[in-house]
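Me: I would like to understand how the terms used to describe a protein model are justified. Could we go through them by question and reply?

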Amino acid sequence: MKRRSFLLLFTLALLFTIILTSCVEDHEHVFSSEWICNKTHHWNPCTIYGCAATSNKQEHTWDDDRICTVCGLTNQEDSLPDDPTDDPTDDPTDDPTDDPTDDPTDDPTDDPTDDPTDDPGSSEEPPVNVYLDPNNIYAEINRQQLLQVPTEPQGFKGDFSIIIGKSGYLYESAYLQEYLGVSDTMYTQVSDDGLQETVNKLEYIQKELEKRGITMILLITPSKASAYADYIPEHYTNSVTTAPEYVRPIDRLRPMLAASEINYLDSAEYYKEIGLLVTFPKTGTHWNALAAFESTAKLIRMYGELTGKQTVELSARGVLSTDYAPSRFNNEQDVFNILYSRVDPIHKQNAIKDDAYYSPEIVVTNENTTGMNVLIQGGSAAHSVVHYINEYGVGEVTQIYYNNVGRDESDPWTKGPKAWASVLQGKDLIIFEASEQQIRGAHKTDDMTWQQASSNQHIGHNAIYDSLYEYLKSHEGE
């Protein structure tokens with residue numbers, strides 16, 4: 001959990017220093033396990049509302065890749081903020097001599113990163129926090145989210161597959177297993193070689209499709225366990241054993257993708273850029289309408305940039321809110337309804353639901369452009385992308401594969417890889433969607449048919465990649 005984004009951690013610190021002006025007296029500090037960071041230091045904040053005390057404040061320990069070995073911060077940003085704890089609300093027990101930024105008369109030979117004016121890549125003013133920027137349409141709901149205090153559930157805590165987290169956030173156990181690296185699960189068996197093999201195959205597929213005039217984009221959708229790690233309950237983490245030195249497959253895949261030529265959108269990273277913090281409902285396992293919309297709108301822009309074609313463009317000018325989960329393409333109460341349909345009804349009386357469910361106020365431009373013909377393969381999140389593309393005239397999704405399951409007699413799962421000859425005809429864009437939890441790398445299929453391979457839980461989404469790869473390899477140059 002210490003791998004939370006720097007911007008989110010800094011936002012928490014910013015809220016403490018702006019909103020909370022003094023430490024609540026007469027309480028025992030409860031320090032978070034999460035790290036707050038600046039250029040030079042990291043520390044753990046007290047989680048008691050109104051308290052700005054800190055613990056374990058230390059200088060970063062950088063490895064050869066300039067990544068802190070304690071908090072995970074990557075020192076690659078020129079505009080990392082100064083220490084937000086250098087404030088009258090800081091823990092009075094801290095020794096001001098520990099931090100050279102506390103004294104403006106410090107030795108000028110100190111690390112130049114202590115003073116933002118010493119760094120030509122930064123400004124003298126601290127950067128505007130993207131999550132709370134007044135120009136960000138999501139600023140208010142971000143603020144409300146950041147002010148929540150995660151509270152461990154009491155009483156009923158869920159069942160074998162749906163876990164009640166802090167403050168009522170529901171998690172499918174598979175997502176928690178992947179995020180935490182629970183021992184003896186498929187997630188701990190993913191190899192770097194398998195991940196690299198998948199990247200190599202996708203890179204080859206993309207290049208061969210480009211020769212046919214088809215654009216490919218890999219869409220990585222977020223995991224609720226990762227996005228809301230602070231709300232993972234202790235009753236669950238205390239009940240499982242995690243693999244030592246576990247690194248999530250998605251975290252190992254990211255540098256591989258960055259080093260490749262694959263067109264991809266990493267949704268979780270993109271939300272940090274645009275300042276969208278509220279991406280999941282409490283009651284659902286899949287992304288909310290805001291997150292789904294922003295990723296789809298970005299995909300559409302990427303297609304236009306990659307091809308030079310003018311496309312219908314979608315943007316959000318505001319946030320719509322309801323106190324109920326709308327009935328639409330993305331059921332934001334799916335795991336809530338599943339959980340409480342199979343347990344004693346008495347548990348539902350005290351069940352927690354979201355205070356609000358959000359959707360974007362959408363603006364459509366370039367409506368008269370020619371739409372694209374799209375094939376999309378993925379899990380449940382793919383249905384959201386289909387909705388926005390079809391509903392708003394961006395194009396038409398003429399073929400969809402749910403994970404590795406085909407829809408008709410003409411697809412590769414019944415006819416074999418040769419079926420791609422007809423499937424690819426007329427396509428402009430192929431989107432491969434995979435959630436962070438589904439990143440499992442390549443596994444051998446041996447002599448199994450593609451249809452049999454698709455039912456193998458270790459294969460994940462790779463069967464369709466392998467099928468298309470095999471077809472393109474056998475028809476290379478055509």
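The exchange below sets values against definitions, one term at a time.

Me: What kind of model is this, and how many helices and strands has the chain?
Reply: This is a predicted model. The chain has 15 helices and 12 strands. Of its 478 residues, 51% are buried. The chain exposes about 22300 Å², and carbon and sulfur atoms supply 46% of that area.

Me: How do you know that the span of helix α4 agrees with its number of residues?
Reply: Helix α4 covers residues 192–211, which is 20 residues. The expected span is 1.5 Å times one less than the number of residues. For α4 this gives 28 Å, and the end C-alpha atoms are 29 Å apart, so the two values agree. After α4 comes Gly213, whose phi is positive, near 80°.

Me: Which residues of α4 are buried, and what do they pack against?
Reply: The buried residues of α4 include Leu195, Thr198, Val199, Leu202, Ile205 and Leu209. The buried residues of this helix pack against strands β6 (215–221) and β12 (429–435), and against helices α7 (249–258) and α15 (462–474).

Me: Why is α4 called oblique to α7?
Reply: The axes of α4 and α7 cross at roughly 45° and come within 10 Å. Angles under 35 degrees count as roughly parallel, and those from 65 to 115 as roughly perpendicular. The angle of roughly 45° falls in neither range, nor is it over 145 degrees, and therefore α4 is oblique to α7. The contact is made by Asp192, Leu195, Gln196 and Val199 of α4 with Pro249, Arg252, Leu253, Met256 and Leu257 of α7. The crossing of these two helices is right-handed.

Me: What makes α4 oblique to α15?
Reply: Here the angle is about 50°, and the axes are 10 Å apart. An angle from 35 to 65 degrees counts as oblique, so α4 is oblique to α15. Helix α4 passes α15 in a left-handed crossing. Among the residues that meet are Lys201, Tyr204 and Glu208 in α4, and Tyr465, Tyr469 and Lys473 in α15.

Me: How do you know whether Thr221 is buried or exposed?
Reply: Thr221 has a relative accessible area of 3%. Buried means under 20%, so Thr221 is buried. This residue lies in strand β6. Not counting residues up to four places away in sequence, Thr221 touches Ser267, Trp287, Ala381, Glu433, Ala434, Ser435 and Glu436.

Me: Why does Glu245 count as exposed?
Reply: The relative accessibility of Glu245 is 80%. Exposed means over 50%, and Glu245 therefore counts as exposed. Its place is in the loop between α6 (234–237) and α7. Phi of Glu245 is near 55°, a positive value in a residue other than glycine.

Me: What makes Asn366 partly exposed?
Reply: Asn366 has a relative accessible area of 30%. Partly exposed residues lie between the cut-offs of 20% and 50%, so this term applies to Asn366. Asn366 is placed in the loop between β9 (357–365) and β10 (372–378). Its phi is positive, about 55°, although Asn366 is not a glycine.

Me: What share of the contacts with a separation of 6 or more joins residues 24 or more positions apart?
Reply: Such residues account for 71% of those contacts in the chain.

Key:
Residues are numbered from 1 along each chain as its sequence is written. This is a predicted model: local features need pLDDT of at least 70, side-chain atom pairs count only at pLDDT 80 or more; totals for chains, interfaces and linings use all residues. Side-chain values use heavy atoms; hydrogens and water are left out. Helices (H or I, at least four residues) and strands (E, at least two) are DSSP runs, numbered from the N terminus. Buried means under 20% relative accessible area, exposed over 50%, partly exposed in between (1.4 Å probe, protein chains only). Contact means heavy atoms within 4.5 Å. Accessible areas come from the Shrake-Rupley method with a 1.4 Å probe; for residues, only the protein chains shown count as cover. Axes are lines fitted to C-alpha atoms, for helices over the stretch in contact, and angles run from 0 to 180 degrees between N-to-C directions. A crossing is left-handed if the near helix is turned anticlockwise from the far one by less than a right angle, and right-handed if clockwise.
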